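Student: Can we go through this one together? I'd like to start with how the pieces pack and then move on to the pockets.

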Amino acid sequence: EQGYETGEHAPGLKLGGCGAYKAAHHIIKTHAKVWHSYNSTWRREQRGMVGISLTSGWGEPVDPHSQTDRDAAERYIQFHLGWFANPIYRGDYPEVMKNYVGRKSAQQGLGTSRLPTFSVQEKTYIKGTSDFLGIGHFTTRYVLQKNFPFLQVSSYHTDHDLAELVDPNWPAPGPKWLYSVPWGFRRLLNFIKTQYGNPLVYVTENGVSETVQCPQLCDEWRIQYLKGYINEILKALNDGVNVKGYTAWSLLDKFEWNKGFSERFGLYHIDFKNKNKPRYPKASVDYYKKIISANGFPNPREVMS
């Protein structure tokens with residue numbers, strides 16, 4: 001969306017209403033081709049695995065007793081995770097995406113939907129092209145229904161007719177979009193288990209950045225974030241979710257999209273002003289070392305259902 005719709009990220013294209021869908025369509029087809037190439041050429045010899053890594057938040061209905069809020073939360077997940085995962089695991093885009101984008105395209109007077117379609121052959125070719133699912137997850141939103149007038153300029157953002165809210169009590173140690181809501185991760189992982197046949201899951205990205213540097217490298221908020229989210233993954237394991245591995249995001253401070261070096265996700269602080277780029281461990285390093293050495297929390301009482 002940010003690369004092909006809003007133009008915030010490279011390649012900076014502003015193809016409103018269709019750019020993100022077209023780019024995603026090519027990504028999904030290309031992913032499938034890579035998987036089949038490896039499967040037919042290298043798998044027997046190397047015995048490796050090919051998967052895809054998808055980043056998604058969790059959407060929680062504002063009122064769990066409201067059907068419209070529950071539907072809006074479902075759309076949130078399907079327009080984020082399901083957009084890519086549904087074709088790979090179930091053979092096509094989510095029905096709710098096809099319905100909403102198709103209806104809004106018709107209201108605009110377009111002859112075809114702005115969401116591209118897969119041929120029958122493509123659906124068969126794409127379905128099942130993942131030996132594991134990589135998941136990047138950072139935060140959660142409360143979701144409710146919000147109707148955007150169809151005369152408004154079409155966009156991926158307005159196609160799903162929802163509004164995102166946050167709880168002011170949620171910790172927000174980093175950028176304004178990244179609130180610490182650990183319980184959302186367990187729900188996302190259980191959604192994956194239910195929707196996609198409990199695939200093998202690797203958590204490929206999970207972490208928090210700081211916007212204010214602490215000269216003593218005392219990132220207590222990162223320790224609390226990691227503790228909360230890893231604890232929820234362990235709960236998901238108890239739920240039967242097939243999580244095989246976890247990667248904290250990230251080892252080092254690094255170049256972060258259009259935020260450059262100002263948004264720091266690293267366990268290690270990098271002095272970018274020094275030509276040698278020296279690295280300094282933050283407090284979270286010792287904490288994470290203990291988790292790694294114990295392959296979880298050293299005290300089993302940390303894991304509560």
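Tutor: One term before we start: contact here means heavy atoms within 4.5 Å. Also keep in mind that this is a predicted model.

Student: Fine. What does helix H7 lie across?

Tutor: Helix H7, residues 183-195, lies across S2 and S4. H7 runs at about 100° to S2.

Student: In what order do the strands of that sheet come, and is the sheet open or closed?

Tutor: The sheet is open, with three strands in the order S2-S4-S5 and mixed pairing.

Student: Which strands stand at the edges?

Tutor: Strand S2 (58-61) and strand S5 (162-165). Each has a single partner strand, so one side of each is left without a neighbour in the sheet.

Student: By how much are neighbouring strands turned against each other?

Tutor: By 40° on average, direction ignored.

Student: And in which sense do S2 and S4 pair, parallel or antiparallel?

Tutor: Parallel, over four bridges, with S4 covering residues 140-145. Within this part of the sheet, glutamate 60 stands opposite tyrosine 142 in S4.

Student: Which strands does helix H3 touch?

Tutor: Helix H3 (residues 67-90) packs on the sheet and touches S2, S4 and S5. The direction of H3 makes about 130° with that of S4.

Student: Switching to pockets. What volume does the largest pocket have?

Tutor: About 1,800 Å³. Its lining comprises 44 residues, and those nearest the centre are Glu1, Gln2, His9, Thr55 and His80.

Student: Which elements give two or more residues to that lining?

Tutor: Helix H1 (19-41), strand S1 (52-55), H3 and helix H6 (156-159). H3 gives the most, with six residues. H3 therefore comes up twice here: it packs on the sheet and it contributes to the lining of the largest pocket.

Student: How does the lining of the largest pocket divide by class?

Tutor: Into 21 nonpolar, 13 polar and ten charged residues.

Student: How much space lies in the second largest pocket?

Tutor: About 310 Å³. There are 13 residues lining the second largest pocket, and Ile230, Gly245, Tyr246, Asn295 and Gly296 are the closest to its centre.

Student: Which elements supply at least two residues there?

Tutor: For the second largest pocket, helix H8 (220-238), strand S7 (243-246) and helix H9 (283-294) each do.

Student: And how many of its lining residues are charged?

Tutor: One; the lining of the second largest pocket otherwise has nine nonpolar and three polar residues.

Note on methods. Residues numbered from 1 in each chain as written. Predicted model: local features only at pLDDT ≥ 70, side-chain atom pairs only at ≥ 80, totals over all residues. Heavy atoms only, no water. Pairing = 2+ DSSP bridges. Axes fitted to C-alpha atoms, helices over the stretch in contact; angles between N-to-C directions. 1 Å grid on protein atoms, 1.4 Å probe; cavity = no way out; pocket = protein on both sides within 12 Å on 5 of 7 lines; lining within 4 Å. Points joined across faces, edges and corners; volume = space filled by probe spheres on them. Nonpolar A, V, L, I, M, F, W, Y, C, P; charged D, E, K, R; others polar.
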